[in-house]
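Here are a few exercises to help you find your way around a new protein. Try each task yourself before you read the solution under it.

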Amino acid sequence: HAPMVAGSVVVDELPGASPPPGAAQIAVFITFSVILTLWTRAELAHRAIAAERAASERGASPSPSSSDDNKTGGDGAGAMPGSDGALSLGDVELGPVDKKDEDATAGGGDVESGAKAARASRGGDTAPVKPIVRVDEQLAKLAPVRCLLGDRRALIASRDTLRSWTELGCVLALFWIADRGGAVPDAEKHYDRDLFWAIFGALGAYGWFTTAKECRSNAPLNREQTEEWKGWMQVLFLLYHYFKASEMYNAIRVFIAAYVWMTGFGNFSYYYVRKDFSFHRFAQMMWRLNFFVFFVCLAMRNDYVLYYICPMHTLFTWAVYFALYVGREHNTNANVVLGKFAICFAAS
């Protein structure tokens, strides 16, 4: 075997060994490690606030001897509204109320001013955020920056988002460990036609008895029909690659073409009916099509075209978008739309 040159360092790579991590892989690892740390801090802060609120509610709960006073409006501690242990979003983000804040709102003073004082003491609307380091004022208002600076309110408010990114990082780590780390040895794929169709039949029967429902629309190729069609083709795609079912190669090519056509049909229906050509909608579609494969390419050091279905969907999404965007004021004219179809067909 020949040595592999990595920059100015010569690496003696053994046959079947994975190359050393590159700069992109190291950056992905550091990024998701930071996200994991932030999510852990957000979870700990959320649980600490929940524990503080539960403890304060237990301390403020009335004793049996004072129940009569509570019923007659006496001086005993009455049941606080919302004392069922559930945390509202504001309470979770701002934390428990201090005793002095409760006195300010219950002591006969101005309720509104007392509420503002309570929010201020908990870091609410009137309390400025004090970052750990000095940064630009506008930049410091962004949620990711506030999380990085250790703002507890921002961490708790972004807890679900941080958890989603942490799950993505775990999936990428599983990919790398299984395919690059050497933890799972390579093996030959063996195709068994009976097992292939048995698995597909079992999944079909399970889907029929658990998810079958009546369509909300009777129009041909409605959203529910096309989504289910694409879902069954995805199952066949996975089984085809898992078993390396070479005899299904031609059928899989047809399914891929049908899948791409349905993506174009769905995009055309949306732009033609909704007439929403905003950059936000277009960028959202590009993100949905490519975000996962983008991070997989970085983590695995693979080429984008290896996951060819994503470039195909992206290309035809661009084609549909710009075909309808150009001269969009004439899209109600059937002849103009047919002319755009002809131009796209000739160009492809």
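## Getting your bearings

Of the 348 residues in the protein, 26% are buried, where buried means under 20% relative accessible area, exposed means over 50%, and partly exposed is in between (1.4 Å probe, protein chains only). This is a predicted model, in which local features need pLDDT of at least 70 and side-chain atom pairs count only at pLDDT 80 or more, while totals for chains, interfaces and linings use all residues. Residues are numbered from 1 along each chain as its sequence is written, and side-chain values use heavy atoms, with hydrogens and water left out.

## Exercise 1: the overall make-up

Task: find how many helices and strands the protein has.

Solution. Start with the rule: helices (H or I, at least four residues) and strands (E, at least two) are DSSP runs, numbered from the N terminus. On that basis the protein comes to 14 helices and two strands. Next, look at contacts, meaning heavy atoms within 4.5 Å. Among contacts with a separation of 6 or more, 63% are between residues 24 or more positions apart.

## Exercise 2: helix H11

Task: check the span of helix H11 (residues 249-274), then work out what covers its buried residues.

Solution. First, the span: the expected value is 1.5 Å times one less than the number of residues. For the 26 residues of H11 that gives 38 Å, and the end C-alpha atoms are 37 Å apart, which agrees.

Second, the buried residues: among them are Ile 252, Tyr 259, Thr 263, Asn 267 and Tyr 271. Here's a handy rule: residues three or four places apart point the same way because an α-helix has 3.6 residues a turn.

Third, the cover: it includes helix H10 (223-243), helix H12 (279-300), helix H13 (309-325) and helix H14 (334-347).

Last, step just past the end of H11, and you meet Lys 275 with a positive phi of about 60°.

## Exercise 3: helix H13

Task: do the same for H13.

Solution. H13 has 17 residues, and its first and last C-alpha atoms are 24 Å apart, close to the expected 24 Å. Its buried residues include Cys 310, His 313, Thr 317, Val 320 and Leu 324. These buried residues of H13 pack against H11, H12 and H14. After H13 comes Gly 327, with a positive phi near 65°.

## Exercise 4: two pockets

Task: describe the largest pocket and the second largest pocket, and say which helices line them.

Solution. You'll need the method first. On a 1 Å grid over the protein atoms alone, a pocket is an open set of points with protein on both sides within 12 Å along at least five of seven lines, whereas a cavity is a set of points where a 1.4 Å probe fits but cannot get out; lining residues have an atom within 4 Å of a point. Grid points are joined across faces, edges and corners, and a volume is the space filled by probe spheres set on the points.

The largest pocket has a volume of about 2100 Å³. It is lined by 49 residues, and the closest to its centre are Gln 234, Tyr 259, Ile 309, Cys 310 and His 313. Helix H8 (159-179), H10, H11, H12 and H13 each supply at least two lining residues, and H10 gives the most, with 13. Sorted by class, that lining has 27 nonpolar, 13 polar and nine charged residues. In this sorting, Ala, Val, Leu, Ile, Met, Phe, Trp, Tyr, Cys and Pro are nonpolar, Asp, Glu, Lys and Arg are charged, and the others, Gly among them, are polar.

The second largest pocket has a volume of about 600 Å³. Of its 17 lining residues, the closest to the centre are Trp 261, Gly 264, Phe 316, Val 320 and Cys 344. H11, H13 and H14 each supply at least two residues of this lining, which by class has 14 nonpolar, two polar and one charged.

## Exercise 5: a loop residue

Task: is Leu 221 buried, partly exposed or exposed, and what is in contact with it?

Solution. Find Leu 221 in the loop between helix H9 (193-211) and H10. Its relative accessible area is 32%, so Leu 221 is partly exposed. Leaving aside neighbours within four places in sequence, Leu 221 is in contact with Thr 226, Trp 229, Trp 261 and Phe 265.
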